[in-house]
Amino acid sequence: QDISSQFEVRAMPTFLFIENGVTIDKLVGANKVELENKVKHFDAKYAPHAVNVAAAQMPLIHVKLACSA
């Protein structure tokens, strides 16, 4: 199964916010303001932990890019 099917990507661009292998949020379309708001939201959620946690142990939000053929 390719990545676009796995994450149900139906349009480009699609931004997936993934934590521990689970999609926790999704943005479909090129909405710059909404994307900035989501990034700020997750930055605020996880940034306080960065001071006390080693980088390798921090929760990560991965950006995955997928293209449908």
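## From the first loop to a buried pair of rings

Glutamate 8 sits in the loop that connects α1 and β1. Although glutamate 8 is not a glycine, its phi is positive, at about 55°. As the model is a predicted one, this backbone angle, like every other value below, is computed from the predicted atoms.

The same loop is a good place to begin a tour, as two further details are found along this part of the chain. Proline 13 also belongs to the loop between α1 (3-6) and β1, and the peptide bond leading from methionine 12 into proline 13 is cis, with omega near -5°. Threonine 14 then belongs to strand β1. A polar atom of the threonine 14 side chain lies 2.5 Å from the backbone oxygen of alanine 11. Threonine 14 is also buried, since its relative accessible area is 9%, which falls under the 20% limit for that class.

Stepping back, the chain holds two helices and two strands, arranged along the sequence in the pattern α-β-β-α. There are 69 residues in the chain, and 20% of them count as buried. The accessible surface amounts to about 5,100 Å², with 56% of it belonging to carbon and sulfur atoms. Among the contacts with a separation of 6 or more, 35% come from residues 24 or more positions apart.

The two strands come next. Strand β1 (residues 14-19) and strand β2 (residues 22-28) run antiparallel and are joined by six bridges. Together they form a hairpin, with two residues between the strands. Asparagine 20 lies in this connecting loop between β1 and β2, and here again a residue that is not a glycine has a positive phi, this time of about 50°. Asparagine 20 is exposed, because its relative accessible area is 71%, and the exposed class begins over 50%. Strand β1, in contrast, is mostly covered, with five of its six residues buried.

Within β1, phenylalanine 17 deserves a closer look. Its relative accessible area is 6%, so phenylalanine 17 is buried. Across the hairpin, phenylalanine 17 stands opposite aspartate 25 of β2. What does a search of the whole structure find in the way of aromatic pairs? The search finds one aromatic pair. Its members are phenylalanine 17 and phenylalanine 42, whose rings are stacked, with 5.1 Å from centre to centre and 25° between the planes. This pair links distant parts of the chain, as phenylalanine 17 is in strand β1 and phenylalanine 42 is in helix α2, 25 residues apart. The C-alpha atoms of phenylalanine 17 and phenylalanine 42 are separated by 8.9 Å, and both residues are buried.

A charged pair also joins a strand to helix α2. The count of salt bridges comes to one, formed by aspartate 25 and lysine 38, with 2.9 Å between the closest N and O atoms. Because aspartate 25 lies in strand β2 and lysine 38 in helix α2, the pair ties together parts that are 13 residues apart in sequence. Side chains of opposite charge can pair in this way when their charged atoms come close.

Are the two partners of the salt bridge buried or partly exposed? Aspartate 25 counts as partly exposed, because its relative accessibility is 22%, whereas lysine 38 is buried, with a relative accessible area of 14%. The limit of 20% thus falls between the two values, since buried means under 20%.

Lysine 38, within helix α2 (residues 32-50), brings several parts of this picture together. Leaving aside residues up to four places away in sequence, lysine 38 touches Phe17, Asp25, Lys26 and Leu27. Among these neighbours, Asp25 is the partner of lysine 38 in the salt bridge, and Phe17 is the residue of β1 that stands opposite aspartate 25 and stacks with phenylalanine 42.

Definitions and conventions. Residues numbered from 1 in each chain as written. Predicted model: local features only at pLDDT ≥ 70, side-chain atom pairs only at ≥ 80, totals over all residues. Heavy atoms only, no water. Helix = DSSP H or I, 4+ residues; strand = E, 2+ residues; numbered from the N terminus. Contact = heavy atoms within 4.5 Å. Buried < 20%, exposed > 50% of the residue type's maximum accessible area, 1.4 Å probe, protein only. Pairing = 2+ DSSP bridges. Phe/Tyr/Trp six-rings, centres within 6.5 Å; stacked < 30°, edge-to-face > 60°. Areas by Shrake-Rupley, 256 points an atom, 1.4 Å probe, with all protein chains shown as cover. Salt bridge = Lys/Arg side-chain N within 4 Å of Asp/Glu carboxyl O. Polar contact = N/O pair within 3.5 Å; in protein donor to acceptor, adjacent residues only side chain to side chain.
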